[in-house]
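Here's a quick briefing to read alongside the model. Have the viewer open and follow along by topic.

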Amino acid sequence: MSVSTLQKPFVTVWVCGAIVLIAATNAYAYETDQFSHRDVEIADSRDVLNGEVNRAIQKVVNEWNKDHADELAVVYRIYTTIGGRHWVDILERWAMKSDRVDKHPNERYDSIYSSAPIYAKRVIALFGVGRTIKLNGVHMGTDKIGHFLSQGRKYYKRWRKSQSESDAAQQSHYTERAIFGQLTTGTFSNADLVSNYEGHRFYRSLFEDSIIPGKPAILRWEDKGWVIQREFDWADHVNDYWDEALNVNHFDGWLYKHMRETLLGFCSLYHERPELWVLNNEAELKARYAHLELRDTSELRLSSLCVEVSKQEQ
């Protein structure tokens with residue numbers, strides 16, 4: 001889809017208005033880039049981030065001052081300890097800034113989105129991109145921590161009302177299409193929806209056995225207090241569908257052609273190091289997340305895009 005000369009100023013004005021709206025709601029999250037610098041080795045932050053979540057859970061248990069098992073209060077206290085009503089969640093911001101969490105050397109304004117015109121990338125032009133870390137062996141944006149904690153909590157609350165994961169997923173799908181997703185950035189992130197859902201599973205796993213297969217609930221109510229039965233582990237939730245170089249974003253008509261051209265620039269690295277782009281257990285992941293209605297973007301995976309281009313050149 002092309003944008004005429006007359007349309008572009010209008011889009012720029014519209015983008016500015018959208019930015020103001022986002023700022024007013026305190027709910028902005030960065031886009032991220034798992035393509036650039038993928039061949040740079042970084043340390044896995046699983047142990048470090050496990051420790052931060054488990055300390056938050058321990059703090060809530062230690063400071064519990066009710067004489068009954070109020071599950072929503074537990075969720076809220078964990079959320080305000082490491083999530084919170086911020087542009088960027090507490091743990092997400094900490095991961096972005098802490099020297100204890102290794103990151104890819106992405107520059108904020110030098111990413112796969114850099115070459116796209118402002119009318120196509122919209123608010124990304126102002127905010128740039130967030131950081132990429134490795135967690136449970138998966139390259140992922142720090143924004144997924146915020147999705148997990150904040151959007152996961154909202155998903156969990158919707159599920160409590162409807163008792164339907166599919167119904168609860170509809171609002172997540174809508175927000176990814178609208179002001180906090182494709183409408184303002186040009187991208188629809190499948191990985192955002194996955195991390196939202198996994199956050200919901202985390203909150204349920206605080207109280208329910210077997211939400212994580214083969215594992216008891218993290219907490220148990222005993223007498224007049226909570227008891228921790230097991231530790232939280234990001235490995236129970238993070239998988240290759242959190243990686244936007246494997247579970248690629250869906251780009252709208254303004255952004256798609258620019259992104260496809262940019263991604264083709266990674267084909268030489270793909271052919272040199274194809275092991276960097278392997279998506280594991282996809283059949284299992286598709287089945288787990290079928291109700292999220294993820295968009296099929298497999299044509300933009302380098303394993304498809306670069307191989308297809310190579311065939312055309314032969």
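A cavity here is a set of grid points where a 1.4 Å probe fits but cannot get out, and its lining residues have an atom within 4 Å of a point. Keep in mind that this is a predicted model. With that in hand, let's start with the enclosed space and work outwards.

**Cavity**
- Searching the whole structure turns up one cavity of 30 Å³ or more.
- That cavity, the largest, comes in at about 40 Å³.
- Its lining is made up of Thr32, Phe35, Ile112, Tyr113, Glu244, Val248, Asn249 and Phe251.
- Sorted by class, the cavity lining gives five nonpolar residues, two polar and one charged.

**Second largest pocket**
- This pocket holds about 210 Å³ of space.
- It is lined by 17 residues, and Tyr241, Lys286, Leu294, Arg295 and Asp296 sit closest to its centre.
- Helix α13 (residues 282-288) supplies the largest share of the pocket lining, with three residues.
- The class split for the pocket lining is seven nonpolar, four polar and six charged.

**Disulfide**
- How many disulfides does a search of the whole structure find? There's one.
- Cysteine 267 and cysteine 306 make the link, with their sulfur atoms 2.1 Å apart.
- The pair ties together distant parts of the chain, 39 residues apart: cysteine 267 belongs to helix α12 (residues 267-272) and cysteine 306 to helix α14 (residues 302-313).
- If you care about the torsion, the angle about the S-S bond is -85°, a left-handed link.
- Both cysteine 267 and cysteine 306 are buried.

**Helix α2**
- Does the length of this helix agree or disagree with its residue count? Helix α2 (residues 46-62) has 17 residues, so at 1.5 Å a residue it should span 24 Å, and its end C-alpha atoms are indeed 24 Å apart.
- Plenty of α2 is listed as buried: Val48, Leu49, Asn50, Gly51, Glu52, Val53, Asn54, Ala56, Ile57, Val60 and Val61.

**Glycine 51**
- You'll find glycine 51 in helix α2.
- Is glycine 51 buried or exposed? Its relative accessibility is 18%, so glycine 51 counts as buried, given that the cut-off for buried is under 20%.
- Glycine 51 and aspartate 233 are 182 residues apart along the chain, yet their C-alpha atoms are separated by 8.9 Å.

Definitions and conventions
Residues are numbered from 1 along each chain as its sequence is written. This is a predicted model: local features need pLDDT of at least 70, side-chain atom pairs count only at pLDDT 80 or more; totals for chains, interfaces and linings use all residues. Side-chain values use heavy atoms; hydrogens and water are left out. Helices (H or I, at least four residues) and strands (E, at least two) are DSSP runs, numbered from the N terminus. The expected span of a helix is 1.5 Å times one less than its number of residues. Buried means under 20% relative accessible area, exposed over 50%, partly exposed in between (1.4 Å probe, protein chains only). A disulfide is a pair of cysteine sulfur atoms within 2.5 Å. On a 1 Å grid over the protein atoms alone, a cavity is a set of points where a 1.4 Å probe fits but cannot get out, and a pocket is an open set with protein on both sides within 12 Å along at least five of seven lines; lining residues have an atom within 4 Å of a point. Grid points are joined across faces, edges and corners, and a volume is the space filled by probe spheres set on the points. Ala, Val, Leu, Ile, Met, Phe, Trp, Tyr, Cys and Pro count as nonpolar, Asp, Glu, Lys and Arg as charged, and the others, Gly among them, as polar.
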